[in-house]
Amino acid sequence: SRMKLFEDFWDEDVKNIKSTDLLKFIEAKRKETGYAYNFNIATLKATFNFAINKMKVCENNPCDILYNDNSVKDKRIKFITESLYQKLLEDAKKKKLKLFLRMLYETGMRLSEGLGVCTQTVINCSIKIDRQLDSKTKKITDVLKTKNSYRTAPISPELYRDLKNATCDIDGRIFYDLSHSKVRYFLRKYNTSPHCFRHTRATLLVGAGIDLTIVAHVIGDKIETILNKYVEKNEDRLEENYNKIRQIL
């Protein structure tokens with residue numbers, strides 16, 4: 001599973017993979033998610049050493065310039081409470097940013113997927129997720145992260161109405177006036193990130209008793225990923241659940 005992080009490089013000839021490309025990739029991932037990925041790097045290094053020493057398919061290890069990030073542990077607020085969510089909406093001055101945050105909160109979609117939402121993919125109180133805005137090329141692509149990423153996410157009638165009434169560009173893209181950096185910059189001030197909305201939505205769906213196969217579909221990931229990486233402690237229902245535990249003691 002640690003190698004899955006590098007799936008963008010899987011189709012490359014090992015002899016053509018450059019150290020600088022791997023470094024840029026890791027640094028971008030760290031900036032996007034806040035994770036260090038030290039174990040992923042160690043696994044990749046070991047894989048290349050095997051390719052060099054045993055398989056003899058390449059001579060140099062492109063991971064040599066990759067470094068471990070041991071600065072600080074991830075301190076982002078991964079579960080966005082109702083009070084924090086309302087604070088974010090209140091402080092988001094731009095109407096489109098407020099709408100974007102509402103969409104992230106209701107769907108848990110990835111940042112690039114959200115920026116790629118078009119009016120024609122907002123259908124019957126749901127969003128068909130089959131495209132995203134590539135952070136490098138700044139263009140819409142129908143190539144998503146994994147095969148599980150292609151999905152349909154239900155949304156509230158209020159969000160559906162507001163998305164349909166929002167302005168869009170000539171291609172129908174609703175959030176044409178937002179960017180990856182603008183959204184991240186706004187959320188960073190509150191010690192959270194776009195990815196934390198995925199944690200929040202997964203936690204809320206699991207806590208509501210939604211079938212895990214449906215949760216995995218809506219979030220666009222595997223069940224084990226939902227349980228092992230995304231589900232957080234729901235601070236809003238902490239005392240309520242403590243009382244339930246006390247009743248069965």
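Both Asp221 and Arg110 are buried, where buried means under 20% relative accessible area, exposed means over 50%, and partly exposed lies in between (1.4 Å probe, protein chains only). Their side chains meet in a salt bridge, with 3.3 Å from N to O. A salt bridge here is a side-chain nitrogen of Lys or Arg within 4 Å of a carboxyl oxygen of Asp or Glu. Asp221 sits in the loop between helix 9 (212-219) and helix 10 (223-230), while Arg110 sits in the loop between helix 4 (95-107) and helix 5, so the pair ties together parts that are 111 residues apart in sequence. Helices (H or I, at least four residues) and strands (E, at least two) are DSSP runs, numbered from the N terminus. The pair does not stand alone: salt bridges that share partners join Arg110, Glu113, Arg151, Arg198 and Asp221 into one network.

A word on the basis of these results is useful here. The model is predicted, so local features need pLDDT of at least 70 and side-chain atom pairs count only at pLDDT 80 or more, whereas totals for chains, interfaces and linings use all residues. Residues are numbered from 1 along each chain as its sequence is written, and side-chain values use heavy atoms, with hydrogens and water left out.

A search of the whole structure finds 11 salt bridges. Among them is the one between the side chains of Lys87 and Asp91, at 3.3 Å from N to O. These two residues are four apart in helix 3 (residues 82-91), and so about one helical turn separates them. The surroundings of the two partners can be read from their accessibility: Lys87 is partly exposed at 38%, while Asp91 is buried at 18%. Another salt bridge links the side chains of Lys4 and Glu7, with 3.6 Å from N to O. Lys4 is partly exposed, with a relative accessible area of 34%.

One member of the network, Arg151, leads on to the strands. Arg151 belongs to strand 4 (residues 151-154), where the side chains alternate. Arg151 and Ala153 point to one face and are buried, whereas Thr152 and Pro154 point to the other face and are not. Why this pattern? In a regular strand the side chains alternate between the two faces of the sheet. Strand 4 pairs with strand 1 (residues 126-129) in the antiparallel sense, over four bridges; two strands count as paired if DSSP finds at least two bridges between them. Within this pairing, Lys128 stands opposite Thr152 of strand 4. Ala153 can also be placed relative to a helix: its C-alpha atom is separated by 9.9 Å from that of Val215, 62 residues away along the chain. Val215 is found in helix 9 and is buried, at 0% relative accessibility.

The surface has patches of its own. Patches are made of residues with over 30% relative accessible area and no salt bridge, with like charges joined within 9 Å and nonpolar side chains (Val, Leu, Ile, Met, Phe, Trp, Tyr) joined within 5 Å. Asp11, Glu12, Asp13 and Asp21 form a negative patch. For charges, Lys and Arg count as positive and Asp and Glu as negative, with His and the chain ends not counted; the place of a charge is NZ of Lys, CZ of Arg, CG of Asp or CD of Glu. Asp13 lies in the segment before helix 1 (19-33) and is partly exposed, with a relative accessible area of 35%. A nonpolar surface patch is formed by Val14, Phe50, Met55 and Val57, with about 340 Å² of accessible area together. Such areas come from the Shrake-Rupley method with a 1.4 Å probe, and for residues only the protein chains shown count as cover. Val57 is found in the loop between helix 2 (38-55) and helix 3, and at 37% relative accessibility Val57 is partly exposed.

Lys15 also lies in the segment before helix 1 and is exposed, at 58% relative accessibility. Lys15 and Ala36 are 21 residues apart in sequence and 26 Å apart in space, C-alpha to C-alpha.

Two asparagines deserve a look for their backbone angles. Asn124 has a positive phi of about 50° although it is not a glycine. Asn124 lies in the loop between helix 5 (111-115) and strand 1 and is exposed, at 64% relative accessibility. Asn191 has a positive phi of about 60°, again without being a glycine. Asn191 is placed in the loop between helix 7 (180-188) and helix 8 (194-207), and is partly exposed, with a relative accessible area of 37%.
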